[in-house]
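Here are some notes to read alongside the model. Keep the 3D view open and follow the points one by one.

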Amino acid sequence: MAVNLVEEFPLDSNICYLNHAAVSPWPKRTADAIKAFAEENIHLGASRYPKWEEKEAQLREKLRKLINAPSTEDIALVKNTSEGLSMIAYGLDWSEGDEILISDEEFPSNRIVWESLAHFGVKVKEVSLKGENIEASIAAQFSKQTRMLAISSIQYASGLRLDLSKLGAYCQQANVLFCVDAIQSLGAYHFDVEKCQADFVVADGHKWLMAPEGLGLFYSRKAIREKMNVNEYGWHMVRDAGNYNVKTWEIASSGRKFECGSPNMLGVHGLHASMSLIEEYGMGCIEKDLIAISNELRNQLKSLANCTIHENQEAKYQSAIITFSIEGQENHVLRNKLMSEGIICVNRGMGIRFSPHFYTPRRRIEQAIEVLKKNIR
């Protein structure tokens, strides 16, 4: 059955939602799933907990398929991207002088966590994302001390979309760990963890995956995971979870080693429902439609007088995150005017950030442009 996007996204008629790179609206099926879960709790409590566990297992498989991971054992469910990155940062053994490369455009969650390792003698080196062959320029900054490249697949402000396969190959050649913050990719563009050879992938569910906040994916490659320490302990992260009488325990070898306690079953039901929409529509179709609608928005913005889009001019580096400014206009003032007229957006980087999704109707793009024109005369 074809997905009815009008029914799935019944946004108010006065709303033009261009803020998916921040927090996405839920599809109707996701809201319905959460309502049903709440009703079940009201009337039955946790009497159907085994079925909830089945849904959790199904979600792990959906996430595995989404990133083409070898096994669901490689998938952990975490609260958010920052938690997953912290598990990596404090799960690895560091040596004095180790170096972590990040870009100079990272969202704070993919910078602060690495900077917090300074007391171990770990150095964080920011690299520029300017230039023609960005991936090669990043790799050229590798040194004998470089232990990890930690980078976002798409930058939150500039929308720069990197070729992860190229970066992964460079990391393999240099024996450098590869950590990808994929929060601005998953649900928007095809992602293949095997192809890009990432050691870690972390992403929250509330942006392009269109799910509630509070649940995300943490992928770890088996060979690396087995060597990692854990810093949170509880009943759920042991091999024999559920056997409450045994007094001896071992840490689980799967991604569950990073899940110390009870799962977020409310989040599981929400993300499961959102993932079902993504599967039904198909990531190939989502990516195709998203490229089309973002290019339409990009072209409409370019037609405005004195409008500058702050992004790389090569199409291969562009995404559905489009940040722009209008000469003579203060970004925060203009953004507030747009918001007051139902154009949902945010100030990021050097301007105002628009981020449509695959289901965004063309008429909403036209609506945003008309409101812009009215406010910049």
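**Notes on a sheet and a pocket**

1. Start at the hairpin of β12 and β13: 2 residues sit between its strands, and G349 there takes a positive phi near 55 degrees. Strands here are DSSP runs of E with at least two residues, helices are runs of H or I with at least four residues, and both are numbered from the N terminus.

2. A word on the source: this is a predicted model, where local features need pLDDT of at least 70 and side-chain atom pairs count only at pLDDT 80 or more, while totals for chains, interfaces and linings use all residues. Residues are numbered from 1 along each chain as its sequence is written, and side-chain values use heavy atoms, with hydrogens and water left out.

3. Now zoom out to the sheet. It is an open one with 4 strands, ordered β9-β10-β13-β12, and the pairing is antiparallel. Two strands count as paired if DSSP finds at least two bridges between them. At the edges you'll find β9 (307–309) and β12 (346–348), each pairing on one side only. On average, neighbouring strands are turned by 40 degrees against each other, direction ignored.

4. What joins β10 to β13? Between β10 (residues 322–326) and β13 (residues 351–354) there are 3 bridges, and the two run antiparallel. T323 has R353 in β13 as its bridge partner, and F324 stands opposite I352.

5. On the other side of the hairpin story, β12 and β13 are also joined by 3 bridges and run antiparallel. Here N347 stands opposite I352 in β13.

6. Look for helix α12 (residues 331–340) too, which packs on the sheet and touches β10, β12 and β13. Contact means heavy atoms within 4.5 Å. The direction of α12 makes about 35 degrees with that of β13; axes are lines fitted to C-alpha atoms, for helices over the stretch in contact, and angles run from 0 to 180 degrees between N-to-C directions.

7. Last stop, the largest pocket (an open set of points on a 1 Å grid over the protein atoms alone, where a 1.4 Å probe fits, with protein on both sides within 12 Å along at least five of seven lines). Its lining has 19 residues, and R161, L162, D163, L164 and H190 lie nearest the centre; lining residues have an atom within 4 Å of a point. The largest share, 3 residues, comes from α7.
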